[in-house]
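Q: Please take a close look at the surroundings of the ligands in this structure, one after another, and then at the parts of the protein that help to place them in the chain. I am a first-year student, so please explain any term that the reasoning needs.

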Amino acid sequence: MLQDNQNLVPPPQRRNLPRYHQPQSKSSGNCCIKCICCCYCCLFFFIFFVTIFAYILYALYKPQVPNYYVKKFEVTSFDVLSDFSINAEFLVTVEAENRNERIGFIYGKDSAASILYRDKTLCAGKLPAFEQPEKNVTMIKVVLKGKREFGPGLLEKLTADIKAGKVPLLVAVKAPITIVIEKWPLRQVLVKLNCSLVVDNLTTDNKIKILSTKYDYQIMF
Ligand SMILES: *[C@@H]1O[C@H](CO)[C@@H](O)[C@H](O)[C@H]1NC(C)=O
Ligand SMILES: *[C@@H]1O[C@H](CO)[C@@H](O)[C@H](O)[C@H]1NC(C)=O
Ligand SMILES: *[C@@H]1O[C@H](CO)[C@@H](O)[C@H](O)[C@H]1NC(C)=O
């Protein structure tokens with residue numbers, strides 16, 4: 001026991017002795033280079049295998065971004081108040097299409113949706129939280145309501161647009177979506193979807209036509 005210890009830890013004067021005579025030990029420099037080489041090799045192989053693994057996963061699961069279409073735009077109420085504010089409630093039906101064969105999505109509850117007219121928010125709401133399985137089409141109904149100050153200038157523009165039968169609106173949605181592979185929830189991404197649409201009127205008679213739609217989205221990892 002005592003002898004072992006002596007072998008492992010040389011007396012201090014013996015350990016320090018070579019340093020006084022040789023300014024830089026050659027073997028310790030070599031060791032350092034070897035160590036760095038080894039680290040780089042490990043790092044290289046790590047990146048190599050992660051890349052291969054990611055590629056195999058990608059090829060196997062062929063991830064596809066879901067498609068969204070605004071199918072229906074209904075006005076439940078739309079009142080211009082005497083103080084130039086608007087009290088409105090809309091019902092927007094969005095078709096969400098998941099084309100993936102092995103990937104599902106969980107729509108989280110912390111989503112936000114709003115409808116803007118010329119960069120001014122008309123009303124707001126949120127998406128229902130739900131789970132969308134593979135190869136599935138779900139109609140998402142979004143209720144948006146609110147009472148917002150509009151001001152006489154903007155109100156005049158809106159009235160003119162309604163009279164012309166062309167009202168440009170922006171439906172902006174932010175939704176946290178968890179990607180599910182083979183029933184395993186992987187990670188959550190934030191999907192921002194903007195749908196610029198032009199409707200022909202804002203009446204409550206359930207006969208609003210969507211004249212055009214344009215979609216932009218951004219996925220934040
Ligand atoms: C799609 O998923 C929703 C929500 O899980 C479900 O209610 C619906 O029945 C599914 N539709 C089809 C066609 O499988
Ligand atoms: C919009 O709806 C109102 C009320 O139903 C109607 O009087 C008006 O003619 C409609 N405007 C257009 C451009 O269709
Ligand atoms: C959506 O529209 C808002 C408001 O105009 C803008 O700030 C945002 O960058 C747009 N997002 C996308 C993904 O186009």
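A: A polar contact is a pair of N or O atoms within 3.5 Å of each other. With that cut-off in mind, and remembering that this is a predicted model, we can begin with ligand 1, where an oxygen atom of the ligand is 2.5 Å from an N or O atom in the side chain of N136. The side chain of T138 also offers an N or O atom to ligand 1, this time at 3.5 Å from an oxygen atom of the ligand, while E131 takes part through its backbone, with an N or O atom that lies 2.9 Å from a ligand oxygen. Taken on its own, ligand 1 has 370 Å² of accessible area, and the protein covers 36% of it. The residues that surround ligand 1 are E131, P133, N136 and T138, and by class this shell has one nonpolar, two polar and one charged residues.

Ligand 2 has its own set of residues around it, namely I162, K163, G165, N201, T203 and D205. Within this group the side chain of N201 has an N or O atom that is 2.3 Å from an oxygen atom of ligand 2. Of the 360 Å² that ligand 2 exposes when taken alone, the protein buries 38%. Sorted by class, the shell around ligand 2 consists of one nonpolar, three polar and two charged residues.

Around ligand 3 we find L170, N194, D216 and Q218, and here it is the side chain of N194 that brings an N or O atom to 2.3 Å from an oxygen atom of the ligand. The protein covers 51% of the 360 Å² of accessible area that ligand 3 has on its own. The shell around ligand 3 divides into one nonpolar, two polar and one charged residues.

Two of the residues around ligand 2, I162 and K163, bring us to helix α4, which runs over residues 152–164. Helix α4 has 13 residues and reaches 18 Å from its first C-alpha to its last, close to the 18 Å expected at 1.5 Å a residue. The buried residues in α4 are L154, L155, L158 and D161. Seen down the axis of α4, these buried residues fall within an arc of 120°, so they line one face of the helix. The face turned away from that buried side carries the exposed residues E156, K163 and A164, and K163 is thus both on this exposed face and among the residues around ligand 2.

A further place to examine is N100, which lies in the loop between β2 (85–98) and β3 (103–107). Is N100 buried or exposed? Its relative accessibility is 1%, and because buried means under 20%, N100 counts as buried. The side chain of N100 reaches the backbone nitrogen of Q64 at 2.7 Å, and it also makes a polar contact with the side chain of N98, at 3.0 Å.

To set these parts in the whole chain, there are four helices and 10 strands in the protein, and from the N terminus on they run α-α-α-β-β-β-β-β-β-β-α-β-β-β. The protein chain has 221 residues, of which 31% count as buried.

How values were computed
Residues are numbered from 1 along each chain as its sequence is written. Chains are lettered from A and ligands numbered from 1 in the order in which they are written. This is a predicted model: local features need pLDDT of at least 70, side-chain atom pairs count only at pLDDT 80 or more; totals for chains, interfaces and linings use all residues. Side-chain values use heavy atoms; hydrogens and water are left out. A residue is near a molecule or strand if one of its heavy atoms lies within 4 Å of it. A polar contact is a pair of N or O atoms within 3.5 Å; within protein, one must be able to donate a hydrogen and the other to accept it, and residues adjacent in sequence count only if both atoms are side-chain atoms. Accessible areas come from the Shrake-Rupley method with a 1.4 Å probe; for residues, only the protein chains shown count as cover. Ala, Val, Leu, Ile, Met, Phe, Trp, Tyr, Cys and Pro count as nonpolar, Asp, Glu, Lys and Arg as charged, and the others, Gly among them, as polar. Helices (H or I, at least four residues) and strands (E, at least two) are DSSP runs, numbered from the N terminus. The expected span of a helix is 1.5 Å times one less than its number of residues. Buried means under 20% relative accessible area, exposed over 50%, partly exposed in between (1.4 Å probe, protein chains only). The arc is that of the directions from the helix axis to the C-beta atoms.
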